[in-house]
Amino acid sequence: MVEEYKLKRILDQTIKRDSFNSDNTYLIRSLYFDSINDKDYFEKMDGVENRRKIRIRIYNCSDDFIKLELKQKTGQYQLKRSLRISREDAIKLINREYSCLLKYDDPFAAEIYTIMSLEMYRPVCVVDYDRRAYYADENDIRITIDSNIRASESNFNIFDKDLLTVPVNDPSKIILEVKYNRFLLSYIKDILSIVDKSETSNSKYVMARINYGG
């Protein structure tokens, strides 16, 4: 925890915060969908090279900005596409009314509709966590610190501010992610070197499903 506080303090002094940040952190809530046979979950667990995740994401339990996202991974490459949707349509998707996507004039919406309909996707878990994020203009560097990861498989009402969730990881651990183009600047490498870290593949979705028995 001491290392975490030290890292945050140094980042606060050297890099600007992400626009979503308030004085400290902001809440990210994701509702994950999976096929009737949990295809996405098992492909991630089995290390399948070509796999995907579908989710609805909101921030601070607000309906001001709602995204339907598809994350695809092919080997070491990742692609994330998204569609901004209304609260009404988010609720319809939670209720498996996928035809609401057909009104969007966007090929991506039609693609998601086809996937979710043909493979009988349904909501499986909600994942919450607190994020502190930083951004440096050079090389589009983005640093995120995620903590207090918790989940629910019993209530899919993502707009419920009192949604009951349970922790799914060690509360003393954080997930540090660094994204950048081409190369990471040396001064940021020096900042990150102060923490004891290990490079691992972390899936909050899988953490939540394992906690509930898959």
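## What covers helix 4

The buried residues of helix 4 (buried meaning under 20% relative accessible area and exposed over 50%, with a 1.4 Å probe and protein chains only) are covered by elements that include strand 2, strand 3, strand 4 and strand 5 (77–84). This is a predicted model, in which local features need pLDDT of at least 70 and side-chain atom pairs count only at pLDDT 80 or more, while totals for chains, interfaces and linings use all residues. Residues are numbered from 1 along each chain as its sequence is written, and side-chain values use heavy atoms, with hydrogens and water left out.

## The two sides of helix 4

Helices and strands are DSSP runs (H or I, at least four residues; E, at least two), numbered from the N terminus. In helix 4 the buried residues are Phe 108, Ala 109, Ile 112, Ile 115 and Met 116; they lie on the same side of the helix because they cover an arc of only 130° around the axis, the arc being that of the directions from the helix axis to the C-beta atoms. On the other side, Pro 107 and Leu 118 are exposed.

## The largest nonpolar core

A nonpolar core is a set of buried Ala, Val, Leu, Ile, Met, Phe, Trp, Tyr and Cys residues joined through side-chain atoms within 4.5 Å. The largest has 27 residues, and those with the most contacts inside it are Phe 33, Ile 54, Ile 56, Ile 85 and Leu 93. Two or more residues come from each of strand 2 (26–34), strand 3 (50–59), strand 4 (67–74), helix 3 (87–94) and helix 4 (107–118), and helix 4 gives the most, with five residues.

Notes
Contact = heavy atoms within 4.5 Å.
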